[in-house]
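Here is a short briefing to read alongside the model. Have the viewer open, and let's walk through it topic by topic.

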Amino acid sequence: MAVMNPISTTERYERAIKASKSVRWDIDADVIRGRQFDTSQKFLPDGLSLIQEFTWLSEAEKRFLSQIQGRTYANVFGLVERFINAKVLEVSHDHWFGDQTKLEALVRFSDEELKHQALFRRIDRMIGERLPGGYRFVADPNAVAGAVLGKSTWAVMALTLDIELFTQRHYRQSIEPDGNLSELFKDVFLFHWKEESQHAILDELEWRRLDADVSPADRDRFVTEFIELVAAVDGILHAQSAADAEYFAAHAGRVVDAEERNRVQAGLLKAYRWQYILSGADHPHFVKVLTSLIDGAQTRRITSALATLQ
Ligand SMILES: [Fe+2]
Ligand SMILES: [Fe+2]
């Protein structure tokens, strides 16, 4: 019987470098290509915006809400990539005088996240030019990064793998198959997805490398910190869903009373929790990696924390 040769760890970093070189793209030449956002189209796909739950809204209002959610989606990625990049630069320190292939893979990862942040800032500005004024993104990327990086590297790497896996899932399951989206919005996340595939592989390699030296008592504390990070993400989602509901109400073109605004906010919070927490937490590969590192009691602690967000 043929036995598959296990791929060496260095070889996995080499493959990530190779893939990174082959998919590399430019913001203007490849993604934007002189285009503008067309507001007659939806931005965020139904599978992420959960727009079918806003049953009482007109088609035009649903489209507007998908555009607001699309702008927030780009801003959330810009936000999380600030701390992801800082953490990648920090863990790269372990390779400065070691395996230069591993170092190169992480440097490329960092370079890509800087480019992605520039892309998402550009998308926010471009959507801002097409939609009415008054939109607010509530969280400050540096303040959030400061708080996140106050936690252990283990917990931050867990959250990072979670995010980089759900990014891919969102593209493949919801963005790519939706035939009714803005082509420009779709392309932004097609190109983003191409570079994110390598990141998730590197996150896992680095997380496992760091986990190998962790004591059981420390790991138990890190699980608590991971739960705290997820709760902090949820806090941001509460504030952003309120800001986006307020913006929607102000520009819906009709009277939206406080009760309806609260319904919109509840719908947005549910969609945002799906997008940024639950679609990653039940990602099969994330679950596989996480449960290979933690014990049953720790898994149950995470599961019961997540259950409060349903
Ligand atoms: Fe990215
Ligand atoms: Fe990434």
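The largest cavity holds about 40 Å³ of space, and the structure has one cavity of 30 Å³ or more. Please keep in mind that this is a predicted model. Beyond the cavity, the tour takes in a pair of iron ions bridged by Glu113, a nonpolar core of 95 residues and a pocket of about 270 Å³.

**The largest cavity**

- The lining is made up of Ala16, Ile17, Ser20, Ala105, Arg108, Phe109, Glu112, Gln198, His199 and Leu202.
- Three elements give two or more residues each to this lining: helix H1 (9-23), H5 and H8.
- Which element gives the largest share of the lining? That is H5, with four residues.
- By character, the lining residues divide into five nonpolar, three polar and two charged.
- One of the lining residues, His199, is worth remembering for the metal site, where its ND1 atom is a donor to the iron ion (ligand 2).

**The two iron ions**

- The iron ion (ligand 1) has as protein donors Glu81 (OE), Glu113 (OE), His116 (ND1), His192 (NE2) and Glu196 (OE), at 2.0 to 2.3 Å.
- Along the chain, the donors of the iron ion (ligand 1) show the spacing E-x31-E-x2-H-x75-H-x3-E.
- For the iron ion (ligand 2), the protein donors are Glu113 (OE), Glu164 (OE), Glu196 (OE), Glu196 (OE) and His199 (ND1), lying 1.8 to 2.3 Å away; Glu196 is listed twice here.
- The donor residues of the iron ion (ligand 2) follow the spacing E-x50-E-x31-E-x2-H in sequence.
- Distant parts of the chain are linked by the pair of glutamate 113 in helix H5 and glutamate 196 in helix H8 (residues 183-211), which are 83 residues apart.
- How far apart do the two iron ions bridged by glutamate 113 lie? They are 3.4 Å apart.
- Glutamate 113 shares helix H5 (residues 100-130) with histidine 116, three residues away, or about one turn of the helix.
- Are glutamate 113 and glutamate 196 buried or exposed? Both of them are buried.
- Glutamate 113 has 0% relative accessibility and therefore counts as buried, and histidine 116 is also classed as buried because its relative accessibility is 0%.

**The nonpolar core**

- The largest nonpolar core has 95 residues, and those with the most contacts inside it are Leu65, Tyr73, Phe83, Trp154, Phe189 and Trp207.
- Helix H4 (residues 59-92) gives the most to this core, contributing 13 residues.
- Leaving aside residues up to four places away in sequence, Trp154 touches Trp207, Asp211, Val214, Arg219, Phe222, Val223, Leu290, Leu293 and Ile294.
- As background, nonpolar side chains tend to be buried together in soluble globular proteins.

**The largest pocket**

- About 270 Å³ of space lies in the largest pocket.
- It is lined by 19 residues, and the closest to its centre are Val80, Phe83, Val144, Val233 and Ile236.
- The elements giving two or more residues to this lining are H4, helix H6 (141-148), helix H7 (153-175) and helix H9 (216-251).
- The pocket lining divides into 17 nonpolar residues, no polar ones and two charged ones.
- Phe83 links two topics: it is among the residues closest to the pocket centre and among those with the most contacts inside the largest nonpolar core.

**Positive phi angles and a helix residue**

- Most residues other than glycine have a negative phi.
- Arginine 33 has a positive phi of about 50 degrees although it is not a glycine; its place is the loop between helix H2 (27-32) and helix H3 (46-49).
- With a relative accessible area of 45%, arginine 33 is therefore partly exposed.
- Leucine 50 likewise has a positive phi of about 50 degrees without being a glycine, and this residue is found in the loop between H3 and H4.
- Leucine 50 counts as buried because its relative accessibility is 11%.
- Leucine 89 is in helix H4 and counts as partly exposed, because its relative accessibility is 44%.
- The C-alpha atoms of leucine 89 and alanine 231 are separated by 25 Å, with the two residues 142 apart along the chain.

Methods. Residues numbered from 1 in each chain as written. Chains lettered and ligands numbered in written order. Predicted model: local features only at pLDDT ≥ 70, side-chain atom pairs only at ≥ 80, totals over all residues. Heavy atoms only, no water. Core = buried A, V, L, I, M, F, W, Y, C linked by side-chain atoms within 4.5 Å. Buried < 20%, exposed > 50% of the residue type's maximum accessible area, 1.4 Å probe, protein only. Contact = heavy atoms within 4.5 Å. Donors = N, O, S within 2.8 Å, 3.2 Å for Na, K, Ca; no water. 1 Å grid on protein atoms, 1.4 Å probe; cavity = no way out; pocket = protein on both sides within 12 Å on 5 of 7 lines; lining within 4 Å. Points joined across faces, edges and corners; volume = space filled by probe spheres on them. Nonpolar A, V, L, I, M, F, W, Y, C, P; charged D, E, K, R; others polar.
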